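Subject: Structure handover

Hello,

Here is the structure I said I would pass on. My notes on what was found follow below it.

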Amino acid sequence: MFELTGKTAVITGASRGIGKAIALKLAAQGANIAFCHLGDGEKAAETEQELAAKGIKAKAYECNVADFEASEQLMNEIIEEFGEVHILVNNAGIVRDTLMLSMKESDFDAVIAVNLKGTFNMTKAVYKHFMKKRRGRIINISSIVGITGNAGQSNYASAKAGVIGMTKSIAKELGSRNVTVNAIAPGFIRTDMTDGMPEKAREATLAAIPMKRAGEVEDIANTVAFLASDEASYITGEVIKVDGGLAI
Ligand code: NAD
């Protein structure tokens, strides 16, 4: 099940956290992996080695997905190196949490630039390639706060809601080309990003989860593996919450 041998997946932000788990899972299913990170060279090198140990082709690239030209150049380099791309996972993301009262313009712009524009940049970079090949999978990592909103995250929730709108729009554009475009909306997943949350906020979030535990990075990776597989070939424009019931 979820066999990906011979496919190439591009994953943004896979030096650690959810992106790394996605890379390891898709590699375990047989996919070759090209991934990028920003300023995380040591962890990226470790991830690259762990991936290669699975017997697939793996390569780490440093690239800022907020940069349109750099994203285009990255995708072209990957296509050149790997021959073709079958799966794009837009996972790179950042937070700059604070109430709007104290949110700086730069906090808003930075979060939109990476989470939303980055998704546009990388999707745009692979769009024609997928159109020509008449197949492809795009999987965008959104967040439940893009559905529910969250105090202190007006920038992040806007970006993640934007990712959902983009997912549905591109699904409509590329459906006839046999390209599926879906989003995953994780809830509270244990990573460096959530480890950085204030203790009180973390406890309050855990208490609100019907399943009474944080999610693991593998919970997201398993969902990506499904969406990337032949078994999910008739699913497009969908947003799958993986949140232990937090956003019910
Ligand atoms: P993380 O901070 O652990 O990892 C982020 C990754 O993105 C790193 O590899 C980093 O190098 C890369 N990155 C950051 N800025 C980049 C840029 N400009 N260009 C290229 N790469 C960049 O984050 P995580 O918790 O693993 O989150 C991964 C994704 O999941 C993000 O989109 C995040 O918004 C989303 N998400 C996470 C949670 C959670 O609970 N952790 C919940 C919902 C959604």
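Helix H1 lies across four strands, namely S1, S2 (32-37), S4 and S5 (136-141), and runs at about 170° to S1. Please keep in mind that this is a predicted model. Helix H4, residues 105-133, lies across S1, S4, S5 and strand S6 (179-186), and its angle to S4 is also about 170°.

The sheet

The strands that these helices cross belong to an open sheet of 7 strands, with parallel pairing and the order S3-S2-S1-S4-S5-S6-S7. At the edges stand S3 (58-62) and S7 (239-242); each has a single partner strand, so one side of each is left without a neighbour in the sheet. On average, neighbouring strands of the sheet are turned by 15° against each other, direction ignored.

One pairing can be given in detail. Strand S1 (residues 8-12) and strand S4 (residues 87-90) run parallel and are joined by 3 bridges. Val 10 has Leu 88 in S4 as its bridge partner.

The ligand

The ligand has 30 residues around it, and the closest are Ser 15, Asn 64, Asn 91, Tyr 156 and Thr 191. By type, the residues of this shell divide into 14 nonpolar, 12 polar and 4 charged. Three helices each supply at least two residues of the shell: H1 (17-28), H6 (154-174) and H7 (192-195). H7 gives the largest share, with 3 residues. H1 therefore appears twice in these notes, as a helix that lies across strands of the sheet and as a supplier of shell residues.

Where does the backbone come up to polar atoms of the ligand? At Ile 18, a backbone N or O atom lies 2.8 Å from an oxygen atom of the ligand. At Ile 189, a polar backbone atom is 2.8 Å from an oxygen atom of the ligand. At Cys 63, a backbone N or O atom lies 3.2 Å from a nitrogen atom of the ligand. Taken alone, the ligand exposes 840 Å², and the protein buries 95% of that.

Regards

Definitions and conventions
Residues are numbered from 1 along each chain as its sequence is written. This is a predicted model: local features need pLDDT of at least 70, side-chain atom pairs count only at pLDDT 80 or more; totals for chains, interfaces and linings use all residues. Side-chain values use heavy atoms; hydrogens and water are left out. A residue is near a molecule or strand if one of its heavy atoms lies within 4 Å of it. A polar contact is a pair of N or O atoms within 3.5 Å; within protein, one must be able to donate a hydrogen and the other to accept it, and residues adjacent in sequence count only if both atoms are side-chain atoms. Accessible areas come from the Shrake-Rupley method with a 1.4 Å probe; for residues, only the protein chains shown count as cover. Ala, Val, Leu, Ile, Met, Phe, Trp, Tyr, Cys and Pro count as nonpolar, Asp, Glu, Lys and Arg as charged, and the others, Gly among them, as polar. Two strands pair if DSSP finds at least two bridges between them. Axes are lines fitted to C-alpha atoms, for helices over the stretch in contact, and angles run from 0 to 180 degrees between N-to-C directions. Contact means heavy atoms within 4.5 Å.
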